Structure formats: structure tokens, C-alpha cells
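Me: I would like a close look at one part of this model, set out as a connected account that also takes in the parts around it. Please keep to what can be computed from the atoms.

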Amino acid sequence: MCSTCLMSDMIPIYVVISTIDDGLQRVPAVLGSAAQQDVRYVVSWQRTQTALAEAAASALAELRLRSDVTVTELEGRGLCRNRNHGIETAVSLMSDPLADAIIVVADDDETFQPDAFDRMRRSYSLLPRLDIALLRASGSEDGRPLKPYLPYPVAYGEHPRSYYPMSVEMTMRSRVWHAGLRFDERFGLGSDVLCSGEEDVFLHDALRRGLNVWLLPIELCRTRPLTTGSRQLDPAVLRSKGAVYGYTRNLCMAWLRGLREALSLGVRCRTNPFTLFRHIVRGINYIRR
């Protein structure tokens with residue numbers, strides 16, 4: 001293989017891990033024991049407690065011994081705030097901020113497949129117009145895919161209706177950040193009103209900006225099973241769905257989509273759909289205000 005091809009395969013990777021409080025003690029297991037060439041980890045650690053648990057203190061000391069890890073701290077809550085802070089830190093560490101680099105959005109409860117970074121680099125090298133790639137995640141206990149995935153690449157927006165994005169599947173070029181795309185801090189865990197939906201909004205904004213987003217059949221990581229689905233009747237989850245509908249659709253279509261969701265949930269869960277619809281409408285109204 002020519003030296004130019006080898007250089008193109010070694011696009012630097014910045015893995016941005018968001019964690020909060022004692023979640024820091026799980027981070028060393030995410031990294032693995034050995035450093036990898038051109039892979040750097042940025043740990044964005046939110047602090048809501050003044051006291052530092054002994055386990056977290058030990059993990060912090062371990063992380064600071066590694067030359068491929070940067071730990072940055074952020075006070076308060078809000079997962080999207082944390083992700084934005086971590087990515088901003090990663091971009092600031094790049095020797096040439098305008099050079100090509102891959103950012104991997106990660107949590108503190110996942111482990112990466114051994115060949116994931118190499119396969120991801122290869123895909124980005126072969127597809128120079130690719131801006132955001134959504135990869136695959138499996139369960140940490142049984143190794144089964146967390147949800148049905150297509151066996152071939154497909155453009156986001158042309159994917160099956162049953163597909164929904166997850167942040168741990170998300171990778172992007174650093175130029176996406178330079179284009180001004182951010183996680184909307186009104187959405188996601190720890191925000192004032194909503195508890196989810198940030199991935200849908202982020203990708204909606206990406207498509208509006210004309211960015212090239214694809215689903216690729218690459219196994220990225222193992223992580224804990226999904227939890228939002230088990231809380232589908234939670235008012236905060238319903239408000240978040242409504243907010244996503246209100247953000248990505250006009251008002252009429254948002255109401256129609258919300259009503260369909262409420263009726264479907266009402267039948268499946270044997271509960272009053274109009275109560276569910278009220279929570280969804282609150283989310284629509286909140287985001288449109």
C-alpha cells in the first residue's frame with residue numbers, strides 16, 4: 001500500500017466520554033489498558049457533589065497517569081452541556097484545528113470493539129464527503145445488537161421508520177463542530193424540562209445544514225441495554241417526544257404525530273391515550289415557545 005494511503009487511514013480519533021459524579025470510576029474500563037496510535041480520550045466530568053468519593057478519586061488519579069487521556073471538569077447537570085463541553089475540549093487539543101479528525105461520542109458504560117477504530121477510519125478515508133456516521137451498538141451482557149440494524153449502508157433520512165438514533169452510535173468529523181452544529185441543551189438527561197430526544201434534534205439540524213449522514217454496518221461498542229423504552233409512559237419522556245415533534249415538524253404535523261403516538265401507546269399499554277397526549281402537547285408547546 002502506498003504511503004499516501006497509509007497516512008489517510010490514520011485520521012486521528014478523539015473519543016469524548018461524558019460522565020457525572022461517581023460515574024468517573026467506570027471510565028478506565030472504557031479506555032482499555034493500552035494506548036492506541038492516534039487515539040486520544042477526552043473525559044468530560046460533571047460535578048454536582050462537593051465531596052469526591054474514594055472510588056472516583058482513585059479513577060481520576062489513574063486517568064491522569066495516561067498520556068492519551070485528558071480530563072476536563074464541568075459543574076452542574078445536563079448531558080448535552082457535558083457533550084458540548086467535551087467536544088469543545090477535544091477540538092482545542094488538536095494541533096491543527098482545521099485538519100481532519102474523527103470525534104466519537106461516548107458514555108461511561110461502554111466498551112469498544114477491538115477493530116472498531118480501524119474500520120471507522122477506513123470508512124471515513126474512503127468516503128471523504130461523509131460528515132457523520134452512525135454505527136452499531138450491542139448489549140454488554142449478551143453481545144446481541146441493541147436493535148435491528150440494516151446489513152448495508154444507508155443514508156440517514158432514507159432509513160426504515162423503525163430505526164431511531166442513539167448517541168453511543170454517533171461519530172463525526174471535526175468539521176461538523178466547526179460548521180456550528182451543537183447538541184441542543186434543552187434536550188437530554190439533566191435538562192430542565194426534557195430528558196431525551198437530543199440525537200433526533202442533532203441529526204435533524206445536520207440534515208438542515210446539508211451535512212452527509214450515513215448509517216454504516218460497523219460494530220462500534222457494547223453498552224447497557226436501552227432504558228428510555230421501559231419508561232415510555234413517563235411524563236418527561238412523553239414531553240421529550242412532543243418536543244422533538246415540535247422541533248422537527250410544523251405545528252399541525254407535530255400534533256398529528258403526537259396524537260398517533262398517544263393512541264398507539266394507549267392501546268399497547270392499556271392506558272388513557274388522552275392523558276398521554278396532554279404530556280406530548282406540553283412538550284410541543286414548550287419547544288415552540
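By class, how many nonpolar, polar and charged residues does the lining of the largest cavity have?

Reply: This is a predicted model, and what follows should be read as a description of that model. By class, the lining of the largest cavity holds 10 nonpolar residues, no polar ones and 1 charged residue. A search of the whole structure finds 1 cavity of 30 Å³ or more, and the volume of the largest cavity comes to about 70 Å³. Its lining is made up of Leu 134, Leu 135, Arg 136, Tyr 149, Leu 150, Tyr 152, Val 154, Tyr 163, Leu 215, Leu 216 and Pro 217. Two elements, strand 6 (132-139) and strand 9, are those that give two or more residues to this lining. Arg 136 is among the lining residues, and because Asp, Glu, Lys and Arg are the residues that count as charged, Arg 136 is the charged member of the list.

The second largest pocket can be set beside the cavity. About 170 Å³ of space lies in this pocket, and the elements that supply two or more residues to its lining are helix 5 (116-126) and strand 9 (213-223). The lining has 13 residues, and those nearest the centre of the pocket are Leu 127, Leu 130, Pro 153, Trp 214 and Leu 216. Strand 9 makes the largest contribution to this lining, with 4 residues. By class, the pocket is lined by 9 nonpolar, 2 polar and 2 charged residues. Leu 216 appears in the lining of the cavity and also among the residues nearest the centre of the pocket, while strand 9 gives two or more residues to the cavity lining as well as to that of the pocket.

From these spaces the account turns to the helices, beginning with helix 8. The 14 residues of helix 8 (residues 235-248) should span 20 Å at 1.5 Å a residue, and the end C-alpha atoms are 20 Å apart, so the expected and computed spans agree. At the start of this helix, a side-chain oxygen of Asp 234 comes to within 2.8 Å of the backbone nitrogen of Ala 236. The buried residues of helix 8 are Ala 236, Val 237, Leu 238, Ser 240, Gly 242, Ala 243, Val 244, Tyr 245 and Gly 246, and these residues pack against helix 7 (198-208), helix 9 (251-269) and helix 10 (273-288). One of them, Val 237, has its place in helix 8 and counts as buried because its relative accessible area is 1%, under the 20% limit. Val 237 and Leu 194 stand 43 residues apart in sequence, yet their C-alpha atoms are 7.1 Å apart in space.

Helix 9 brings in Glu 261, a charged residue that is nevertheless buried, with a relative accessible area of 10%. Leaving out residues up to four places away in sequence, Glu 261 touches Lys 241, Tyr 245 and Ile 280; of these, Tyr 245 is one of the buried residues of helix 8. Beyond helix 9, in the loop between helix 9 and helix 10, lies Arg 270. Arg 270 counts as exposed because its relative accessibility is 80%, and its phi is near 55 degrees, a positive value in a residue other than glycine. Most residues other than glycine have a negative phi. Asp 38 is another residue with a positive phi, of about 60 degrees, although it is not a glycine. Asp 38 is found in the loop between helix 2 (27-31) and strand 2 (39-47), and at 37% relative accessibility it counts as partly exposed.

Helix 4 (residues 79-93) allows the length check to be repeated. Its 15 residues should span 21 Å at 1.5 Å a residue, and the end C-alpha atoms are 21 Å apart, which agrees. Buried residues in helix 4 are Leu 79, Cys 80, Asn 82, Arg 83, Asn 84, Gly 86, Ile 87, Thr 89, Ala 90 and Val 91. Within that list, Asn 84 counts as buried because its relative accessibility is 8%. With neighbours within four places in sequence set aside, Asn 84 is in contact with Trp 177, Arg 182, Phe 183 and Glu 185. Asn 84 and Leu 181 are 97 residues apart in sequence, while the distance between their C-alpha atoms is 9.7 Å.

Methods: Residues are numbered from 1 along each chain as its sequence is written. Side-chain values use heavy atoms; hydrogens and water are left out. On a 1 Å grid over the protein atoms alone, a cavity is a set of points where a 1.4 Å probe fits but cannot get out, and a pocket is an open set with protein on both sides within 12 Å along at least five of seven lines; lining residues have an atom within 4 Å of a point. Grid points are joined across faces, edges and corners, and a volume is the space filled by probe spheres set on the points. The expected span of a helix is 1.5 Å times one less than its number of residues. Buried means under 20% relative accessible area, exposed over 50%, partly exposed in between (1.4 Å probe, protein chains only). Contact means heavy atoms within 4.5 Å. A polar contact is a pair of N or O atoms within 3.5 Å; within protein, one must be able to donate a hydrogen and the other to accept it, and residues adjacent in sequence count only if both atoms are side-chain atoms.
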